[in-house]
Amino acid sequence: MKVKTLKLKNFMLFEETEIDWSENINIICGENSTGKTTLLKVMYSMLKPISKGALKPGTKEIGEQRFVEKLQGVFRPDEMKIGRLVSRKSGSRTDFSAVFDKGQKLSIGFGSRRENHVDIELEGTFPSFDAVYIPTKEMISTTEHFATLYEEYHIDFEEMYYDLAKLLDRPLSKTANTEEQNEVLKNFEKIMKGQIVQKDKRFYLNVKGEGEFEMGLLSDGYRKLSMIVYLISSGSLNKDTVLFWDEPETNMNPKMVRPIVQAMVALAKMGVQIFVTTHDYFVQQEFNMLKVYPELCPDNLDIRFLSLYRDETQELKCEMGQAASDLKNNAIMQEFDAMYDREQRVIYGN
């Protein structure tokens, strides 16, 4: 299942926004506090309660409660009052909806005074799918105890971390990998020069001729790739998955950016719909080159670039482009150009 359109009205920073997404890869950029992560979180909060049979038959109230709990866990508003997610500027109620590739629609709304109740409307039949959120902090090195700690204690982590820890805790699937999955795994293992193994909820990179290395000894970039590898091997990442990845460049050496972009391209070819937020020039440009130079991406994937920015009145706006170079408001490139200009002034004088 793919997200086709997202509409937001009076939700946090967004007064009234409608975005048409690519079914393959979506790159979201913008300055701080322009709502990049909010877009990932709201879509994840909508999809996760109806994924992999999570929305089981039951009363309407039970269904609503699943959405309430996911919004609370993902956004963590004060006192867990979901009404605090309504825009403080624009009104007393928020309504947001998503339309999917087969015409299905999910609509959610609630008022600013609501604490634990939402109005939901589901249209159409939803197939089996999963939603996976990879936050800025890697989780594979802490999986062993994280889920238990989250369940038994109040720890200040958004629920995406808990959801990811549970996915990493899954055993390997008994079902044989598809040809597409094996091809992706083969590419990853070539990049990492080894295979990921799990022993008693601990993960290791097994490098041929060198032995096993626990995750704490690996770089953050390798840990993130290791997460992807295990999610594919356990069946959590497949052609029926929507993947949300928040700032994959975090704690990443620029040399690791290209392999990670290649990994996401391989996943998109497999059928995964991908949403990525980034502040990084290298991440944006790697994807931009794939779009601008078709010979680098013969599969002709649909890669779209979304820029979030504030206009001269400080109103939040969004702009979609088929290439990063099409964006008139591109915070990453604007700062890159500004740095170049500063250097030229130093070299040649004002």
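Which residues in α4 meet Met-227, Tyr-230 and Leu-231 in α6? Keep that in mind as you open the viewer, and remember that this is a predicted model.

**Stop 1: two crossing helices**

Select residues 159-168, which make up helix α4, and then residues 220-233, which make up helix α6. The axes of these two helices come within 9 Å and cross at roughly 60 degrees. That makes α4 oblique to α6. Now show the side chains: Leu-164, Leu-167 and Leu-168 are the α4 residues that meet Met-227, Tyr-230 and Leu-231 in α6. Colour this contact by residue class and you will find six nonpolar residues, with no polar and no charged ones.

**Stop 2: the five-stranded sheet**

Next, look for an open sheet of five strands, and follow the order β2-β1-β4-β5-β6. The pairing is antiparallel. Which strands stand at the edges? They are β2 (14-20) and β6 (119-123); each has a single partner strand, so one side of each is left without a neighbour in the sheet. From one strand to the next, the twist averages 5 degrees.

Zoom in on β1, residues 3-11, which pairs with β2 over six bridges in the antiparallel sense. To see one partnership, pick Thr-5 and look across to Asp-20 in β2, its bridge partner. While you are looking at strands, here is a handy idea: in a regular strand the side chains alternate between the two faces of the sheet.

Now add helix α1, residues 36-47, to your selection. Helix α1 packs on the sheet and touches β1, β2, β4 (93-100) and β5 (105-111). The direction of α1 makes about 110 degrees with that of β1.

**Stop 3: the three-stranded sheet**

Move on to an open sheet of three strands, in the order β8-β9-β10, again with antiparallel pairing. Its edge strands are β8 (195-199) and β10 (211-214), each pairing on one side only. Here the twist averages 35 degrees from one strand to the next. Select β9, residues 202-207, and you can trace five bridges between β8 and β9. One pair to click on is Val-197 and its bridge partner in β9, Tyr-204.

**Stop 4: a hairpin**

Select residues 303-310 for strand β13 and residues 316-321 for strand β14, which pair in the antiparallel sense over six bridges. Arg-310 stands opposite Leu-316 in β14. Five residues lie between the strands of this hairpin, where Gln-314 takes a positive phi near 70 degrees.

**Stop 5: the empty spaces**

Rolling a probe the size of a water molecule over the atoms shows where empty space is left. The largest pocket has a volume of about 420 Å³. Where is its centre? Select Gln-262, Val-265, Lys-269, Leu-290 and Leu-296, which lie nearest to it among the 20 lining residues. Two or more lining residues come from each of α5 (179-192), α7 (257-270) and α8 (281-292). The largest share, eight residues, belongs to α7. By class, the pocket lining has 13 nonpolar, two polar and five charged residues.

Stay with α7 for the last view. How many cavities of 30 Å³ or more does the structure hold? There is one, and the largest cavity has a volume of about 30 Å³. Select Pro-248, Glu-249, Val-257, Ile-260, Val-261, Met-264 and Val-283 to see the residues that line it. Once again α7 gives the most to the lining, this time with four residues. The cavity lining has six nonpolar residues, no polar residues and one charged residue.

Technical notes:
Residues are numbered from 1 along each chain as its sequence is written. This is a predicted model: local features need pLDDT of at least 70, side-chain atom pairs count only at pLDDT 80 or more; totals for chains, interfaces and linings use all residues. Side-chain values use heavy atoms; hydrogens and water are left out. Axes are lines fitted to C-alpha atoms, for helices over the stretch in contact, and angles run from 0 to 180 degrees between N-to-C directions. Angles under 35 degrees count as roughly parallel, over 145 as roughly antiparallel, 65 to 115 as roughly perpendicular and the rest as oblique. Contact means heavy atoms within 4.5 Å. Ala, Val, Leu, Ile, Met, Phe, Trp, Tyr, Cys and Pro count as nonpolar, Asp, Glu, Lys and Arg as charged, and the others, Gly among them, as polar. On a 1 Å grid over the protein atoms alone, a cavity is a set of points where a 1.4 Å probe fits but cannot get out, and a pocket is an open set with protein on both sides within 12 Å along at least five of seven lines; lining residues have an atom within 4 Å of a point. Grid points are joined across faces, edges and corners, and a volume is the space filled by probe spheres set on the points. Two strands pair if DSSP finds at least two bridges between them.
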